[in-house]
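Trainee: Before I use any of the usual descriptive terms for this model, I would like to hear what justifies each of them.
Mentor: Then let us look at it together, and ask of every term what stands behind it.
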Protein chains: 2
Amino acid sequence: MNVQLFDRVKCSECPIRHRAVCARCDEDEIAILDKIKAYRTFKAGETIVWRGDDLTHVSSVVAGIATLSKTLDDGRMQMVGLLLPSDFIGRPGRKTLDFDVTAASDVTLCSFERGPFERLLTETPHIAQRLVEMAMDELDAARDWMVLLGRKTAREKLATFIEMLVQRSHLPGSDIPKLILPLTREEIASYLGLTLETVSRQFTQFRKDGIVEFTDRRHFTVTDHAALLEATGDDADGGVIV
Amino acid sequence: MNVQLFDRVKCSECPIRHRAVCARCDEDEIAILDKIKAYRTFKAGETIVWRGDDLTHVSSVVAGIATLSKTLDDGRMQMVGLLLPSDFIGRPGRKTLDFDVTAASDVTLCSFERGPFERLLTETPHIAQRLVEMAMDELDAARDWMVLLGRKTAREKLATFIEMLVQRSHLPGSDIPKLILPLTREEIASYLGLTLETVSRQFTQFRKDGIVEFTDRRHFTVTDHAALLEATGDDADGGVIV
DNA sequence: ACCCTGACTTGACCTAGATCAAAGCCGATT
DNA sequence: AATCGGCTTTGATCTAGGTCAAGTCAGGGT
């Protein structure tokens, strides 16, 4: 993904136009955003926001993947969120974040200065509404993750993680889930409350079970989606009765 | 807590007047709420809202304690939130909840019918703002809990739970934390991602370590608050340097 | 007073996943 | 093409916390 390229993209052609914080905006509102937005990019591994730092910008992720994580004094780390394209960084009424935001891959953000953006919020209910909606979705996701962290086995955790990738990257048209693994084993472990060794072992098991197939370390396909769902430990059926 | 009593309480004398969803309302706005509110009570153990059920009312907890919990098909359960007085049940733009809400003790709610309340929301920014603020706080709490569930030891989990009780029930004036344990060992275990036996063992350990002292099963005092903080595993010092 | 009953404690044992340690693998660098 | 340095895999061992199984305790009802 080329920054310079993105720099010239109009909102109307933006890949996340209909999912991001601007999703509900009409043409006039988009025109305002278009004027005050600025793309920013971060290399894989760079920290986008430090916990507690003054948030100069709020942003939408346009491309790439970022992680939200918290660290205990002794170094133990827990990821508390994963940002994929269209996800938002920043919160109404907060100047700081209580976690680090890190680029897991190269990341392109569509950013707004916080001050102007918050002023805009008061005048543009479509943005405020969408922001609240997105925050509510995050809260739901956080609670699902609490169940995963508190009660699921290592196998169930990894299955749930893979299924989440399928859900989030599966475009309604296509049907063969060919996936890119956006995180290292260590990062996945941090997300799932496991160690990297356990994650690796579970991947191996899924391979042996014929549930996934790797082409290389970062690319794989789900070869048995039913078995994957079964392995998540969640209410498996979405209403399908045979 | 007597229902009949509460039925006659004016908002202006309500114990949660300045912390609940109505916290920012002025006298005129409160007058409107006062007219459409209704108290409802639930006995300990009763379910207040079933996951997925149509939410007829939204409510603030006035007295008592309620739990939010999710259950996996095979019965494993994880609490995903604890509602204390002033906490809110219901969400802007949602007709259902994705978890069960259960009365852990006898509970008194201040309820509004969902329809009228949501209409009110659009006209009363003070309520909408406060609701968003409270949701954001919940999201923060959920993320802290993810760290607890994913990375903390049993001892750290229980210490964090007790410290949370201290924080939430410690009125700024008083200074001897004499606490009521609002949950059974099993419920605490469900909240902490542990088993009830482990919770019991850790309580015993804290007793032996002289950190807490029980008068009976539900009442105790924190006798060594510094040691309690130390045991939580969090950044212990709130800036205090000796 | 005396059961019940449900909540709690304690002990013995077991296991999933952590920890420690050693290779493999692969892309980047020279 | 050889070396290097991050990842990743795999194996051996350890342990925190789960599981199973007795008790113990306290309060409420008859």
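Trainee: Which residue is the bridge partner of Ser60(B) in E6(B)?
Mentor: In this predicted model, the bridge partner of Ser60(B) in E6(B) is Phe88(B).

Trainee: What makes strand E3 (residues 57–63) of chain B and E6(B) a pair?
Mentor: Two strands pair if at least two bridges are found between them, and E3(B) and E6(B) are joined in the antiparallel sense over two bridges. The requirement of at least two bridges is therefore met by the two bridges between E3(B) and E6(B).

Trainee: And which order do the strands of that sheet of chain B follow?
Mentor: The order is E1-E8-E3-E6 in chain B, an open sheet of four strands with antiparallel pairing.

Trainee: Why are strand E1 (38–42) and strand E6 (88–89) of chain B said to stand at the edges?
Mentor: Each of E1(B) and E6(B) has a single partner strand, so one side of each is left without a neighbour in the sheet. Across E3 and strand E8 (107–113) of chain B lies helix H3 (residues 114–123) of chain B, which runs at about 70° to E8(B).

Trainee: Chain B has a sheet of three strands as well; which of its strands are the edge strands?
Mentor: That open sheet has the order E9-E11-E10, with antiparallel pairing, and its edge strands are strand E9 (178–180) and strand E10 (212–216) of chain B, since each pairs on one side only. Neighbouring strands of this sheet are turned by 30° against each other on average, direction ignored.

Trainee: How do you know that E9(B) pairs with strand E11 (residues 219–222) of chain B?
Mentor: The criterion is at least two bridges, and three bridges join E9(B) to E11(B), the two strands running antiparallel. One residue pair to look at is Lys178(B), whose bridge partner in E11(B) is Thr221(B). Helix H5 (residues 154–169) of chain B lies across E9, E10 and E11 of chain B, and runs at about 105° to E9(B).

Trainee: Why are H6(B) and H7(B) called roughly perpendicular to each other?
Mentor: H6(B) and H7(B) pack at an angle of about 100°, with their axes 8 Å apart. Angles of 65 to 115 degrees count as roughly perpendicular, and H6(B) and H7(B) are therefore given that description. In this contact, Arg185(B), Glu186(B), Ile188(B), Ala189(B) and Leu192(B) of H6(B) meet Leu196(B), Thr198(B), Val199(B) and Ser200(B) of H7(B). By class, those residues divide into five nonpolar, two polar and two charged.

Trainee: What makes helix H5 (residues 154–169) of chain A and H7(A) roughly perpendicular?
Mentor: The axes of H5(A) and H7(A) come within 10 Å and cross at roughly 75°. With 65 to 115 degrees as the range, that makes H5(A) roughly perpendicular to H7(A). The contact is made by Ala154(A), Arg155(A) and Leu158(A) of H5(A) with Thr198(A), Val199(A), Gln202(A), Phe203(A) and Gln205(A) of H7(A).

Trainee: How do you know that a two-fold axis is the relation here?
Mentor: Chain A can be laid on chain B by a turn of 180° and a shift of 0.0 Å along the axis, with an RMSD of 0.0 Å. That is the relation of a two-fold axis.

Trainee: Why can one say that the copies meet through the same surface?
Mentor: Of the interface residues of chain A, 100% are also interface residues in chain B, so the copies meet through the same surface. The contact takes 31 residues from chain A and 31 residues from chain B. On the side of chain A that touches chain B, H4(A) gives the most, with 15 residues.

Trainee: Which residues come nearest to DNA strand D, and which are the closest to DNA strand C?
Mentor: Around DNA strand D there are 17 residues, of which Thr184(A), Arg185(A), Ser200(A), Thr204(A) and Thr198(B) come nearest. DNA strand C is surrounded by 17 residues, the closest being Thr153(A), Thr198(A), Thr184(B), Ser200(B) and Thr204(B).

Trainee: Which helix gives the most to the surface near DNA strand C?
Mentor: H7(B) gives the most there, with six residues, while the largest share of the surface near DNA strand D, six residues, comes from H7(A).

Terms used: Residues are numbered from 1 along each chain as its sequence is written. Chains are lettered from A and ligands numbered from 1 in the order in which they are written. This is a predicted model: local features need pLDDT of at least 70, side-chain atom pairs count only at pLDDT 80 or more; totals for chains, interfaces and linings use all residues. Two residues are in contact if their C-beta atoms, placed from the backbone, lie within 7 Å. Axes are lines fitted to C-alpha atoms, for helices over the stretch in contact, and angles run from 0 to 180 degrees between N-to-C directions. A residue is near a molecule or strand if its C-beta atom, placed from the backbone, lies within 6 Å of it. Copies are superposed by least squares on the C-alpha atoms of residues with pLDDT of at least 70 in both. Angles under 35 degrees count as roughly parallel, over 145 as roughly antiparallel, 65 to 115 as roughly perpendicular and the rest as oblique. Ala, Val, Leu, Ile, Met, Phe, Trp, Tyr, Cys and Pro count as nonpolar, Asp, Glu, Lys and Arg as charged, and the others, Gly among them, as polar.
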